[in-house]
Amino acid sequence: QVQLVESGGGLVQAGGSLRLSCAASGPTTSRNGMGWFRQAPGKEREFVATISWNGINKYYGDFVKGRFTIARDNAKNTMYLQMNSLKPEDTAVYYCASRGGSSSGDWKEYDYWGQGTQVTVSS
């Protein structure tokens with residue numbers, strides 16, 4: 001089955017940038033829709049961005065659109081999230097996810113999850 005491992009999180013100053021990576025392995029990975037979600041203390045899981053298997057269709061959460069960019073490299077089985085103009089409210093654990101179908105902004109529709117990577121943005 002699909003396995004996902006996030007990396008690239010860390011501590012960054014407000015206005016700075018981070019590039020998150022999600023390494024995927026397992027069958028049908030290249031054809032799976034994939035996405036990024038985040039969860040901060042006291043908050044529910046929040047949609048960040050999603051991308052179709054071919055990388056053509058990309059969608060972003062309202063709070064991050066224009067600042068974040070999602071991409072994937074199927075040859076490397078890796079998905080990326082370029083995060084620019086980071087704000088303190090972006091602080092959260094960021095998770096990558098995959099589903100056996102088209103991409104979706106609903107976390108309940110995803111089948112596989114990574115363990116998450118912490119992103120902390122200082123004021």
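Which residues have the most contacts inside the largest nonpolar core? In this predicted model, they are Trp36, Leu81 and Tyr94, and the core they belong to has 26 residues. Several strands feed into this core: β3, β4 (33–39), β5 (46–51), β7, β8 (78–83), β9 (92–99) and β11 (117–122) each supply at least two of its residues. The strand that gives the most is β3, with four residues.

Strand β3 is also part of a sheet. Four strands make up this open sheet, in the order β1-β3-β8-β7, and their pairing is antiparallel. The edges are taken by β1 (3–7) and β7 (68–73); each has a single partner strand, so one side of each is left without a neighbour in the sheet. On average, neighbouring strands here are turned by 15° against each other, direction ignored.

The pairing at one end of the sheet can be followed by residue. Strand β1 is joined to β3, which covers residues 18–25, by five bridges, and the two run antiparallel. Ser7, for instance, has Ser21 in β3 as its bridge partner.

Strand β3 also takes part in a covalent link. A disulfide is a covalent bond between the sulfur atoms of two cysteines. A search of the whole structure finds one disulfide. The cysteines in question are Cys22 and Cys96, with 2.0 Å from S to S. Cys22 lies in strand β3 and Cys96 in strand β9, 74 residues apart, so the pair links distant parts of the chain. The link between Cys22 and Cys96 is right-handed, with 50° about the S-S bond.

Are these two cysteines buried or exposed? Buried means under 20% relative accessible area. Cys22 has 0% relative accessibility and therefore counts as buried. Cys96 also counts as buried, because its relative accessibility is 0%.

The last stop is the other edge of the sheet, at Thr69 in strand β7. Partly exposed residues fall between the 20% limit for buried and the 50% limit for exposed. At 39% relative accessibility, Thr69 therefore counts as partly exposed. What does Thr69 touch, leaving out residues up to four places away in sequence? Its contacts are Tyr60, Tyr80, Leu81 and Gln82. Of these, Leu81 has already appeared among the residues with the most contacts inside the largest nonpolar core. Met34 lies 35 residues from Thr69 along the chain, and the C-alpha atoms of the two are separated by 13 Å.

Definitions and conventions:
Residues are numbered from 1 along each chain as its sequence is written. This is a predicted model: local features need pLDDT of at least 70, side-chain atom pairs count only at pLDDT 80 or more; totals for chains, interfaces and linings use all residues. Side-chain values use heavy atoms; hydrogens and water are left out. Two strands pair if DSSP finds at least two bridges between them. Axes are lines fitted to C-alpha atoms, for helices over the stretch in contact, and angles run from 0 to 180 degrees between N-to-C directions. A nonpolar core is a set of buried Ala, Val, Leu, Ile, Met, Phe, Trp, Tyr and Cys residues joined through side-chain atoms within 4.5 Å. Buried means under 20% relative accessible area, exposed over 50%, partly exposed in between (1.4 Å probe, protein chains only). A disulfide is a pair of cysteine sulfur atoms within 2.5 Å. Contact means heavy atoms within 4.5 Å.
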